[in-house]
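Student: I would like a close look at one part of this model. Could you take me through a single residue and its surroundings, and then move on to a pocket?

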Amino acid sequence: MTAMPDPLEEAEPEVASAIVAVEDAMGELATRFRVMIRDAASQVDPALQPFGLRILRLLERHGEMSAGQISEFLEVDPSSTSRQIRQLVELGLAAVAACETDRRSRILSLTDHGRERLAAIGPSGRARMQRALSGWELSELRRFADDLKRLTDSVS
């Protein structure tokens, strides 16, 4: 089997250097996001995993959902979602009930305790991001959003 050529080896040196700089900056940003999410999860409950926080925020934004919908929306394995849902229920942050239209299906929703704990964590990552970007010019924001979408679409 022939190895795929390394695009950086074929790129102009300045382009290759710029690509590495983008990768490094994105790695640093990803690390900061992971730390923010981990810290926010522990503020909700010390036992809560970051993935559990993602599910709670998804329910907060979109309302009740089935485990399958959650797995599909977050693009994760259903077994991981099921394990996390059990923990959320055990912590009293979410509740599971039978679906009214299909009694075989189970629906997950936030509990009042879950809503209270989410509200108690203070500024979300979204608020931090809004503060960080509020000084940018409109044209910079639009270009950045377009560039991020283009990059996301190209690595999918």
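Tutor: Gladly! Let's begin with Thr81, which sits in helix α5, the stretch covering residues 78-90. Please keep in mind that this is a predicted model.

Is Thr81 buried or exposed? Its relative accessibility is 0%, so Thr81 counts as buried, the cut-off for that class being under 20%. What does its side chain meet there? The side chains of Thr81 and Ser71 are joined by a polar contact of 2.7 Å. Beyond its neighbours within four places in sequence, Thr81 is in contact with Phe51, Ile55, Ala67, Ile70, Ser71 and Val76.

Ser71 leads us on to helix α4, residues 67-74, where the buried residues are Ile70, Ser71 and Leu74. They lie on the same side of α4, because the arc they cover around the axis is only 95 degrees. Which elements do these buried residues pack against? Their partners are α3 (50-62), β1 (65-66), α5 and β3 (106-110). Two of the three, Ile70 and Ser71, have already appeared among the contacts of Thr81, and Thr81 itself belongs to α5. Just after α4 comes Glu75, a residue with a positive phi, near 55 degrees.

Now for the pocket. Rolling a probe the size of a water molecule over the atoms reveals where empty space remains. In this model, the second largest pocket holds about 560 Å³ of space. How many residues line the second largest pocket, and which lie nearest its centre? The lining has 15 residues, and those nearest the centre are Val22, Met26, Phe144, Leu148 and Leu151. Helices α2 (13-44) and α8 (138-155) each supply at least two residues of this lining, and α8 gives the most, with 8 residues. Sorted by class, the lining has 11 nonpolar, 2 polar and 2 charged residues.

Let's finish with one of the residues nearest the centre of that pocket, Leu148. Leu148 lies in α8, the helix that gives the most to the lining. At 39% relative accessibility, Leu148 counts as partly exposed, whereas Thr81 counts as buried. If you would like a distance to check on screen, try Leu148 and Gly122: these residues are 26 apart along the chain, and their C-alpha atoms are separated by 27 Å.

Notes: Residues are numbered from 1 along each chain as its sequence is written. This is a predicted model: local features need pLDDT of at least 70, side-chain atom pairs count only at pLDDT 80 or more; totals for chains, interfaces and linings use all residues. Side-chain values use heavy atoms; hydrogens and water are left out. Helices (H or I, at least four residues) and strands (E, at least two) are DSSP runs, numbered from the N terminus. Buried means under 20% relative accessible area, exposed over 50%, partly exposed in between (1.4 Å probe, protein chains only). A polar contact is a pair of N or O atoms within 3.5 Å; within protein, one must be able to donate a hydrogen and the other to accept it, and residues adjacent in sequence count only if both atoms are side-chain atoms. Contact means heavy atoms within 4.5 Å. The arc is that of the directions from the helix axis to the C-beta atoms. On a 1 Å grid over the protein atoms alone, a cavity is a set of points where a 1.4 Å probe fits but cannot get out, and a pocket is an open set with protein on both sides within 12 Å along at least five of seven lines; lining residues have an atom within 4 Å of a point. Grid points are joined across faces, edges and corners, and a volume is the space filled by probe spheres set on the points. Ala, Val, Leu, Ile, Met, Phe, Trp, Tyr, Cys and Pro count as nonpolar, Asp, Glu, Lys and Arg as charged, and the others, Gly among them, as polar.
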